[in-house]
Amino acid sequence: MAINKESNVYTVIFATLMVVVVGGVLAFISSSLKPIQEDNVRNEKKQLILKAIGSEETKSISREDAGAEFNKYVVERLILDYEGNILEGTRLTNETPVDIKSAKDAFAVDLQKEYKKFVQPLTNKYTGTDLVDELTKETNIHYPLFICQVNNKKHYVIPVMGKGLWAGVWGYIGLESDGRTISGAVFDHKSETPGLGAEISKDFFSDQFIEKTIVDQTGKYTPVKVVKPGTGVTEPYVDGISGGTFTSVGVDEMMNRTLAVYHKFFQKEEGKQLLTNI
Amino acid sequence: MSEVAVKEKEPLFSKKNKKLITDPLNDTNPVTIQVLGICSALAVTVKMDAALVMSMAVLAVLIAGNVIVSLMRNLIPGKIRIIVQLVVVAALVIIVDQVLKAFVYDVSKQLSVFVGLIITNCIIMGRLEAFALANKPWASALDGLGNGIGYGIILVVVAFFKELFGSGTLLGYEIFGNATDMTGLYAMGYENNGMMLLPPSSLVLVAIYIWIQKSRNPSLQEGH
């Protein structure tokens, strides 16, 4: 070959061409597979919501079926603000098909995006009542609520979003028709350590939450704490994951922060109405 | 690594070419003899299905990577050859990851980071550097096939024992009965071995495999 393969010019040209070609191929593949992947993610979300209800009937629904079954069980969906008020026009029944592009559809709320953009900067900066004040001011955060009906019993499914050790952790908490007893919970994560933090997605962890209440006898909000196994704290609490402390703390934080909003909602007229209206 | 450069104009499955496939299955097995790619062999062998998909993914990346690098072997500037190999492997791994995410979502979630870590699987870079850079595409493809299967065999064998004794299932089917309902063997007091679910048990199983392999073929034993 006449070209000197070891020359710098050749090397630079080769590298440039290679990067352009590889980049193009990857971009093409990624964009052509994207619709299928997004479908998978959406169906999984539906499956997790149905699973969080905690009923035997909805637990076993597979991801493939979840897309079709979702509207059968989730009879109503709405979006709240931090104060627990229903945002205008977001109350949709199961007659309205899920529209992932609509800003008024509770299913379309991208909690991960909102968490990163609005919540995380606040939780990094403030704690306690300061955090509550700041969260109240932030109107960009949406709190979706899914009202489900299984065997003529009402359930509420609440999505929660927080951060674990490496990346996001999230979950769905199902409440009984009284709006205070947890009937089911599922958790998932992006990249927690397998065998340690990643264990939160297992049933043995999430099943601990079942039958815990988020309100005590006096009607005060009492978040379920995730503690180190064996530490004596007052109920309600569940055992965290040994070796997965950061992840457990993340679960604790996101549940504490998010469920408070829904508690506020159930204290309001609209929420109370929903509770009595079985 | 004792491969001889393959001569021109020989039948597709000449003796030499056949050896390219069969050698890595046993005498030059990348995992048990060369001890490469051990990390994923330890991590993704809890369930057979994950092990199978992981083997397929590595096999696909290895064959495609070998062929592509072999096709480019006369164009790649020596100075940046490692980077070029890396880019090829990384691109292939991303493609595999995307395909898994689209078509076998559950398995892709289970494999999670390990698919991305195929990039760092030493078998792949090892074969590209040691074989594909110096051989023709067809021979390289066979070499990739052989080494990929050699890797897969270990993964599946290890996963077989780990799933059987760790969860009492094979590919999800209950072999020993149901552990929670206490049926089958469990009714007689049998219990699953929890250690089989953890990575260290793979070390033991791989070691036993190497032991059997080396005692069957003394030429593999290292001199003292």
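Which residues does Ser108(B) touch, not counting residues up to four places away in sequence? The first legend gives the answer, and the others move on to chain A. Please keep in mind throughout that this is a predicted model.

**Figure 1. Ser108(B) and its contacts in chain B.**
Welcome to the close-up of a single serine: Ser108(B) touches Leu100(B) and Lys101(B), leaving aside residues up to four places away in sequence. The serine sits in helix H5 of chain B, which covers residues 105–111. With a relative accessible area of 7%, Ser108(B) falls under the 20% cut-off and is therefore buried.

**Figure 2. Chain A as a whole.**
Before zooming in on chain A, here is the overall picture. Its secondary structure comes to 8 helices and 8 strands. The C-alpha trace of chain A spans about 85 × 45 × 40 Å along its principal axes. Chain A has 278 residues, and 47% of them count as buried. Looking at contacts in chain A with a separation of 6 or more, 53% come from residues 24 or more positions apart.

**Figure 3. The open sheet of chain A.**
To find your way across this sheet, follow its 6 strands in the order S2-S1-S3-S4-S5-S6; the pairing is antiparallel. At the edges you will find strand S2 (92–93) and strand S6 (182–189) of chain A, each pairing on one side only. Helix H3 of chain A, residues 63–73, packs on the sheet and touches strand S1 (74–80) and strand S3 (143–150). The direction of H3 makes about 80° with that of S1(A). Another helix to look for is H7 of chain A (residues 245–267), which lies across S1, S3, S4, S5 and S6. H7 runs at about 135° to S4(A).

**Figure 4. Strands S4, S5 and S6 of chain A.**
Here we follow the pairing strand by strand. Strand S4 (residues 153–163) and strand S5 (residues 168–175) of chain A run antiparallel and are joined by 8 bridges. A handy landmark is Val157(A), which stands opposite Gly174(A) in S5(A). On to the next pair: S5(A) and S6(A) are linked by 7 bridges, also in the antiparallel sense. There, Trp170(A) stands opposite Asp188(A) in S6(A). The hairpin of S5(A) and S6(A) has 6 residues between the strands, and in this hairpin Gly179(A) takes a positive phi near 75°. Although S6(A) is an edge strand, it is mostly covered, with 8 of its 8 residues buried.

**Figure 5. The largest cavity.**
The structure holds 2 cavities of 30 Å³ or more, and this view shows the largest, with about 100 Å³ of space. Among the residues lining it are Leu111(A), Glu114(A), Tyr115(A), Ile141(A), His142(A), Pro159(A), Met161(A), Arg257(A) and Thr258(A). The elements giving two or more residues to this lining are helix H4 (111–125), S4 and H7 of chain A. H4(A) supplies the largest share, 4 residues. By character, the lining divides into 8 nonpolar, 2 polar and 2 charged residues.

**Figure 6. The second largest cavity.**
This cavity has a volume of about 70 Å³. Its lining includes Lys51(A), Lys59(A), Asp203(A) and Asp207(A), along with Gly184(A), Ala185(A) and Val186(A). Two or more residues each come from S6 and helix H6 (203–206) of chain A. S6(A), the covered edge strand of Figure 4, gives the most, with 3 residues. The residues of this lining divide into 3 nonpolar, 3 polar and 4 charged.

**Figure 7. The second largest pocket.**
Our last stop is a pocket with about 370 Å³ of space. It is lined by 19 residues, and Thr123(A), Leu131(A), Glu253(A), Asn256(A) and Arg257(A) lie nearest its centre. You may recognise Arg257(A) from the lining of the largest cavity. H4, helix H5 (128–137) and H7 of chain A are the elements that give two or more residues to the pocket lining. Of these, H7(A) gives the most, with 7 residues. The lining of this pocket divides into 9 nonpolar, 7 polar and 3 charged residues.

Terms used. Residues numbered from 1 in each chain as written. Chains lettered and ligands numbered in written order. Predicted model: local features only at pLDDT ≥ 70, side-chain atom pairs only at ≥ 80, totals over all residues. Heavy atoms only, no water. Pairing = 2+ DSSP bridges. Contact = heavy atoms within 4.5 Å. Axes fitted to C-alpha atoms, helices over the stretch in contact; angles between N-to-C directions. Buried < 20%, exposed > 50% of the residue type's maximum accessible area, 1.4 Å probe, protein only. 1 Å grid on protein atoms, 1.4 Å probe; cavity = no way out; pocket = protein on both sides within 12 Å on 5 of 7 lines; lining within 4 Å. Points joined across faces, edges and corners; volume = space filled by probe spheres on them. Nonpolar A, V, L, I, M, F, W, Y, C, P; charged D, E, K, R; others polar.
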